[in-house]
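Subject: Structure handover

Hello,

Here is the structure I said I would pass on. Please open it first, then read the notes below it.

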Amino acid sequence: MVRERSLRRGWTTGACATAAAKSAFGALLTGTFEDPVTVTLPRGGRADFVLARHELAPGAATAAVVKDAGDDPDVTHGALVEVTVRKSRGGVQFRAGPGVGTVTKPGLPVEPGEPAINPVPRQMIAAAIAEVAEAHGVPGDAEVEVSIPGGEELAGKTMNPRLGIVGGLSILGTTGIVVPYSCAAWIHSIYSGIDVARATGLTHIAGATGSTSEAAVQRHYDLPESALIDMGDFVGGMLKYLRRHPVPRVTVAGGVAKMTKLAQGRLDLHSRKGAVDLPALAAVAREVGASESAAKAIAEANTTALAFRIAEGEGLALGDEIARAARRTAEATVAGTEIEIDVLIFDRDGRLAGEAPG
């Protein structure tokens with residue numbers, strides 16, 4: 001037997017920026033960069049970071065750390081998080097350097113016009129600078145400019161443009177640690193997308209499982225891009241957040257397989273959580289008039305898409321019935337709110353395969 005390798009944890013961009021800022025501020029005071037540099041994590045414990053580069057110039061010090069996301073599939077893995085620190089007055093001021101975005105819409109944790117450096121990373125950086133300042137008996141005043149070379153291009157692979165973060169990536173993290181395959185960044189983007197939609201006054205948003213269903217639901221309702229939530233497999237996470245932060249109307253859109261899973265009561269639509277129950281789908285097909293031969297073929301189908309094609313061949317409204325069942329699951333998740341839920345099911349070509357209006 002082969003024992004599976006344990007997944008390796010990594011570090012957030014916020015932790016990397018903190019390490020670089022601490023070393024740079026120390027060099028600004030002493031002329032020497034701490035390397036490796038040790039930082040305190042928000043929930044306790046300390047971590048060491050090795051500098052990838054450092055530079056001392058008149059009135060400024062720059063240090064950089066390579067972002068290591070461990071075994072998490074993070075677009076920022078391997079990116080260089082670079083911090084330049086300059087002397088200042090009145091505490092710590094933050095600047096967005098090349099590759100770090102600027103917030104332009106309300107609803108995010110930092111105000112429009114501010115660098116996209118989230119509150120916890122700001123707190124971590126300020127605390128690290130205060131630690132060095134106290135050790136040398138000087139005020140903890142500094143201008144901190146965070147850059148990520150190539151960050152603007154990488155940001156195109158994230159939700160930042162849709163959230164109104166322009167010019168680059170965000171500096172994120174609440175614990176300093178990236179848990180492998182936790183999909184924390186994805187969940188964070190779902191929450192942020194909802195927050196921005198609420199703050200900008202949108203009354204109708206749509207969560208989609210993938211790019212095909214997202215494009216299709218946008219066309220179907222002529223929705224602005226800021227109303228689109230890339231929920232992926234996390235329909236439960238999206239709906240539970242909406243239960244606490246409601247909007248008047250929510251459309252749930254996805255392909256035939258994922259929406260059938262939702263109809264069968266699942267809130268995590270990832271394949272690792274199980275496949276579609278095809279015999280149960282066949283039972284629904286019988287309820288809407290399928291012949292016994294069609295129901296048997298659906299129960300034995302290799303894929304959910306094939307099952308839907310069999311139903312379509314008999315002229316059955318299977319998609320609509322599945323959409324209604326999926327809507328019931330979604331409505332139960334937001335019970336106690338006045339959110340109006342509707343469900344749209346699309347095939348692989350983006351054609352409407354079923355709907356359940358709110």
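The chain carries 36 positive and 41 negative side chains. The centres of these two sets are 3 Å apart. Keep in mind that this is a predicted model.

Some overall numbers come next. The chain has 358 residues, and 49% of them count as buried. Its C-alpha trace spans about 80 × 55 × 35 Å along the principal axes. The accessible surface is about 16,300 Å², with 51% of that belonging to carbon and sulfur atoms. Among contacts in the chain with a separation of 6 or more, 65% are between residues 24 or more positions apart. The secondary structure consists of twelve helices and 18 strands.

One sheet is worth tracing by eye. It is an open sheet of five strands in the order E4-E5-E6-E10-E7, and the pairing is mixed. Strand E4 (53-57) and strand E7 (92-96) form the edges, since each pairs on one side only. On average, neighbouring strands of this sheet are turned by 15 degrees against each other, direction ignored.

Helix H1 (residues 13-30) packs on this sheet. The strands that H1 touches are E4, strand E5 (60-66), strand E6 (80-87) and E10. The direction of H1 makes about 35 degrees with that of E6.

At the E7 edge, E7 pairs with strand E10 (residues 142-147) in the parallel sense, over five bridges. Within this pair, Phe94 has Val144 in E10 as its bridge partner. Helix H2 (residues 119-136) lies across both E7 and E10, and runs at about 130 degrees to E7.

The other place to look is strand E14 (residues 204-208). Is E14 mostly covered or mostly open? Mostly covered: five of its five residues are buried. In a regular strand, side chains alternate between the two faces of the sheet. In E14, His204, Ala206 and Ala208 lie on one side, while Ile205 and Gly207 lie on the other. Each of these residues is buried, so both faces of E14 are covered, buried here meaning under 20% relative accessible area.

Which strands does E14 run parallel to? One is strand E16 (residues 249-255), joined to E14 by five bridges. There, His204 stands opposite Arg249. Another is strand E15 (residues 228-230), joined to E14 by three bridges. In that pairing, Gly207 stands opposite Ile229.

Regards

Note on methods:
Residues numbered from 1 in each chain as written. Predicted model: local features only at pLDDT ≥ 70, side-chain atom pairs only at ≥ 80, totals over all residues. Heavy atoms only, no water. Helix = DSSP H or I, 4+ residues; strand = E, 2+ residues; numbered from the N terminus. Buried < 20%, exposed > 50% of the residue type's maximum accessible area, 1.4 Å probe, protein only. Contact = heavy atoms within 4.5 Å. Areas by Shrake-Rupley, 256 points an atom, 1.4 Å probe, with all protein chains shown as cover. Lys, Arg positive; Asp, Glu negative; His and termini not counted. Charge placed at Lys NZ, Arg CZ, Asp CG, Glu CD. Pairing = 2+ DSSP bridges. Axes fitted to C-alpha atoms, helices over the stretch in contact; angles between N-to-C directions.
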